[in-house]
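Open the model in your viewer and keep the selection tool ready. The stops below go from the whole chain to single residues.

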Amino acid sequence: MSRIADTFAACADAGRAALVTFVTAGDPTPGDTAAILDALVEGGADLVELGMPFTDPMADGPAIQKANIRSLGAGTRTADVLAIATAFRARHPHVPLVLMGYANPMTVRGPEWFADAAAQAGVDGVICVDVPAEEDDALGVALRGKGIASIRLATPTSDAVRLPTILTGADGFLYYVSVAGITGQQQAAQASIEDAVARLKAATHLPVAVGFGVRTPEQAAAIGRVADGVVVGSAIVDLVGEHGANAPAPVRAYIETLSSALADARKELA
């Protein structure tokens with residue numbers, strides 16, 4: 001089994017959803033990212049998504065847009081992201097690491113180059129926001145050739161006709177984008193999330209992780225009662241934006257509240 005599969009299985013055995021966390025690489029500077037990543041793990045994050053900064057993050061709201069600007073302003077490049085990933089893997093050999101971003105930085109030198117570089121850095125999966133499943137040849141084939149999960153996104157508009165296409169070639173987990181919009185701006189109604197998770201889990205053996213708009217421990221707990229994973233990004237990025245190089249301590253404290261909420265969420269149902 002892969003690190004991703006092992007982690008979701010371990011969380012399921014523990015009776016809780018996995019906590020999936022996101023930060024932007026190089027925010028506020030490439031040198032500061034390692035301590036922030038360590039704070040995520042120390043706080044209880046089960047899986048880490050590392051955002052690749054991009055000039056036109058079309059799916060992201062103001063928080064992550066600003067993080068991209070800060071990172072690029074600090075001079076972060078793809079080589080820095082890969083170096084951050086390599087160092088993370090050395091420090092945390094068992095924690096899954098996923099690169100998340102947009103097609104241009106991932107394919108500008110060819111998908112095979114990126115897949116090979118990501119594999120050498122110890123990356124477990126990749127989420128490419130703007131390559132649709134119908135264009136899997138653009139990146140997915142190369143990733144799978146190196147044993148890297150091609151993690152797909154499903155949305156409220158992913159109907160029964162398109163869902164099989166999304167799932168073909170998908171691996172790691174299925175990321176359910178719970179709102180039809182940009183990151184961090186709103187959260188879907190709990191009932192709609194529950195209905196969507198049930199529909200998706202009936203269509204795939206992959207774990208289903210739910211994100212977009214999750215900020216509070218209460219929100220995380222409610223989603224964690226039905227989903228296999230809960231994804232939190234913008235709220236963490238906001239802390240980095242507020243505290244800069246001093247972000248690790250508040251990030252760790254915040255992650256602890258989410259991790260604790262997920263640990264208790266299903267106990268309440270029992």
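The tour starts with the overall view and then moves to selected sites.

**Ground rules**

This is a predicted model, in which local features need pLDDT of at least 70, side-chain atom pairs count only at pLDDT 80 or more, and totals for chains, interfaces and linings use all residues. Residues are numbered from 1 along each chain as its sequence is written, and side-chain values use heavy atoms, with hydrogens and water left out.

**Whole chain**

Show the cartoon. You will find 12 helices and nine strands. Both are DSSP runs numbered from the N terminus: helices are H or I with at least four residues, strands are E with at least two.

Now show the C-alpha trace. Along its principal axes, the trace spans about 50 × 40 × 35 Å. The radius of gyration is 17 Å, which agrees with the value near 18 Å for a compact globule of 270 residues. That radius is taken over C-alpha atoms, and the globule rule is 2.2 Å times the number of residues to the power 0.38.

Switch to the surface. About 10,700 Å² is exposed, and carbon and sulfur atoms supply 54% of it. The areas come from the Shrake-Rupley method with a 1.4 Å probe; for residues, only the protein chains shown count as cover.

Colour by burial. Of the 270 residues, 55% are buried. Buried means under 20% relative accessible area, exposed over 50%, and partly exposed in between (1.4 Å probe, protein chains only).

**The cores**

Select L40, L50, L99, V126, V232, V251 and I255. These have the most contacts inside the largest nonpolar core, which has 64 residues. Such a core is a set of buried Ala, Val, Leu, Ile, Met, Phe, Trp, Tyr and Cys residues joined through side-chain atoms within 4.5 Å.

Zoom in on L99. Setting aside neighbours within four places in sequence, its contacts include L50, M52, V81, F114 and I127. Contact means heavy atoms within 4.5 Å.

Next, select I4, I64, V98 and Y175. They belong to a second, separate core of 23 residues.

**Links across the sequence**

Which residues does P96 touch, beyond those up to four places away in sequence? Select R3, I4, T7, D46, L47, V48, R89 and D124 to see them. P96 itself sits in the loop between α4 (78–91) and β3 (97–101). It counts as buried because its relative accessibility is 1%. Draw a C-alpha distance from P96 to L47: the two are 49 residues apart along the chain, yet separated by 5.1 Å.

Move to A34 in helix α2 (residues 30–43). At 26% relative accessibility, A34 counts as partly exposed. Its C-alpha atom is separated by 6.8 Å from that of I84, 50 residues apart along the chain.

For a long span, pick A142 in helix α7 (residues 140–145). A142 and G244 are 102 residues apart in sequence and 36 Å apart in space, C-alpha to C-alpha. A142 counts as buried, at 13% relative accessibility. Beyond neighbours within four places in sequence, A142 is in contact with P111, E112 and A115.

**Backbone details**

Select D27 and P28. A cis peptide bond joins them, with omega about 5°. P28 is in the loop between β1 (18–24) and α2.

Finish at F212, in the loop between β8 (208–211) and α10 (217–224). F212 is not a glycine, yet has a positive phi of about 80°. Is F212 buried or exposed? F212 is buried, with a relative accessible area of 10%.
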